[in-house]
Amino acid sequence: MLGKLIRHEWKGTYKVGCLLLACMAGATFFGWLGFQGPMWQAAFTESYYYGFGLLDLMSVGTLFLYIIALIGVIYGMLIYLGVRFYRTMYTDEGYLLHTLPVTKHQVLISKILVSSIWIIIVYVALALSVFVLVASLVSTVLAGEYTFAEVWTQAWEQIGELWGLASPEIRADVIRFLLYLVYTVIAGPFCMIMFLFGAITLGQLFTRHRVLMAIVFYIGMGIVRSIVEQVVQGIVASLRLGSIASEYDFINTYMGSTWNVSSILNLVLAVVLYLASYQIISKRLNME
C-alpha cells in the first residue's frame, strides 16, 4: 500500500515540479545569453573595450534575473510542497486520505519521500544550471583560443597532478568533504522537508490561525536551531582546538566539528519532528 501512496503522491506533484524545472531551464538559457555580451570577453583579455553599452546593460540585467529565477524556483518548490502537505492532510481534501486502510506512518513516509526526492531533483538541476553558465563564461572568455572540452580536459589533468602531489592527510580531508557533500545532497532534503512538515503539523494543535502558527513554529524552530547549533559548535570546537599545532589543522578541525554538529542536530531534529507529527496525526488530528 505504501507503493500506491507514493505513486499517488508523485502523480499529484509532478506537473508543478516539471513546470518549475522548465522555468529553471528557461532561466539557464537566459543566463547563458547574459554571458554572450562583449564586456565579458573584454574583461578577461587584453583587448580594449569602448564602454558600457546597451548590450552590456541587458547582459547584467539578464544575469540578475537568472539569480532571482533560481531562488524563486527553489523556494517556490518548497512553498508548493508545504501548501500541498497542509491541503491534503489537514483540510477537507484530506478526509479521504485519512479513511484509507493505511497506517499514519505510511502516509507520512510517502509524502516525505516524494517531497524530498523533488528537492534532490531541484538540487541536481541547480548544479547543472550553474555548470552550463560556467561553461558559457569559459567559452566566451576563451573564444578562438580553446574549446570548453580542452579547458575541461586540462582542468582534470591539473586536478590529477595536484591529487598526486597531495599528502595522505589532505587526500583524506578531500574524501571526507566529498562524502559530506553527498550526505548533504541526499540527507539534507529529508531534514529540510521534515522541518517544514513538522512546523505545519505543530500548527494544527491550535484551533485558530493554524497557518500563522505553522509559520511561527517554522521561524521559531529555525532560530532556536541556529542558536543551539552555534553553542554546541563553540563547545565542541573549544574542546578539540586546544591541541592544534598548525593553521591547516585548526581550520580542518573547526570545519569538521561544524559539519558534524550540524549534521547530527539536523538528523535529531528531523527524527523528533517526525515522531511528534506521527503522534499528532494519530491522536490529535483536528481537520478544518
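**Figure 1. The aromatic cluster of F85, Y90 and F197.** In this predicted model, one aromatic cluster is formed by F85, Y90 and F197. The structure as a whole holds six aromatic pairs. A pair of aromatic rings is described by the distance of the centres and the angle of the planes. For F29 and F30, the ring centres are 5.6 Å apart and the planes stand at 70°, so this pair is edge-to-face. The rings of F85 and Y90 are likewise edge-to-face, because their planes stand at 80°, with the centres 5.8 Å apart. F85 has a relative accessibility of 2% and therefore counts as buried. Y90, at 1% relative accessibility, also counts as buried. F29, by contrast, is partly exposed at 45% relative accessibility, and F30 is partly exposed with a relative accessible area of 48%.

**Figure 2. The salt-bridge network of E9, R84 and K111.** A search of the whole structure finds two salt bridges. In one of them, the side chains of E9 and R84 meet with an N to O distance of 3.0 Å. This pair links distant parts of the chain, since E9 belongs to helix α1 (residues 2–34) and R84 to helix α3 (residues 54–90), 75 residues apart. E9 and R84 are both buried. E9 also forms a salt bridge with K111, whose closest N and O atoms are 3.0 Å apart. Here too distant parts of the chain are linked: K111 lies in helix α5 (residues 104–141) and E9 in helix α1, with their positions 102 residues apart. K111 is buried, as is E9. Through shared partners, the salt bridges join E9, R84 and K111 into one network.

**Figure 3. The nonpolar surface patch that includes I219.** V211, I215, Y218, I219, I223, I227, V231 and I235 make up a nonpolar patch on the surface. Together, these residues have about 720 Å² of accessible area. One of them, I219, is located in helix α8 (residues 210–240). I219 has a relative accessibility of 49% and therefore counts as partly exposed, as the exposed class requires over 50%.

**Figure 4. The charged end of R225 over the ring of F195.** The charged end of R225 sits over the aromatic ring of F195. Its distance from the ring centre is 4.6 Å.

**Figure 5. The backbone at H209.** H209 is found in the loop between α7 (168–203) and α8. Most residues other than glycine have a negative phi. The phi of H209, however, is near 55°, a positive value in a residue other than glycine. At 52% relative accessibility, H209 counts as exposed, because the threshold for that class is over 50%.

**Figure 6. The surroundings of M58 and I67 in helix α3.** M58 has its place in helix α3, and I67 is also in helix α3. The C-alpha atom of M58 is separated by 7.3 Å from that of G34, a residue 24 positions away along the chain. For I67 and A27, which are 40 residues apart along the chain, the C-alpha separation is 8.3 Å. M58 is partly exposed, with a relative accessible area of 48%. I67 counts as partly exposed at 48% relative accessibility.

**Figure 7. The protein chain that frames the close-up views.** The secondary structure of the protein chain comprises nine helices and zero strands. Along the sequence, the elements follow the pattern α-α-α-α-α-α-α-α-α. The protein chain has 288 residues, of which 33% count as buried. Its exposed area is about 17200 Å², and carbon and sulfur atoms supply 73% of that area. Among contacts in the protein chain with a separation of 6 or more, 76% are accounted for by residues 24 or more positions apart.

How values were computed: Residues are numbered from 1 along each chain as its sequence is written. Side-chain values use heavy atoms; hydrogens and water are left out. Patches are made of residues with over 30% relative accessible area and no salt bridge: like charges are joined within 9 Å, nonpolar side chains (Val, Leu, Ile, Met, Phe, Trp, Tyr) within 5 Å. Accessible areas come from the Shrake-Rupley method with a 1.4 Å probe; for residues, only the protein chains shown count as cover. A salt bridge is a side-chain nitrogen of Lys or Arg within 4 Å of a carboxyl oxygen of Asp or Glu. Helices (H or I, at least four residues) and strands (E, at least two) are DSSP runs, numbered from the N terminus. Buried means under 20% relative accessible area, exposed over 50%, partly exposed in between (1.4 Å probe, protein chains only). Contact means heavy atoms within 4.5 Å. Rings of Phe, Tyr and Trp (its six-membered ring) pair if their centres lie within 6.5 Å; planes under 30 degrees apart count as stacked, over 60 as edge-to-face and the rest as tilted. A charge sits over a ring if NZ of Lys or CZ of Arg is within 6 Å of the ring centre and within 35 degrees of the ring normal.
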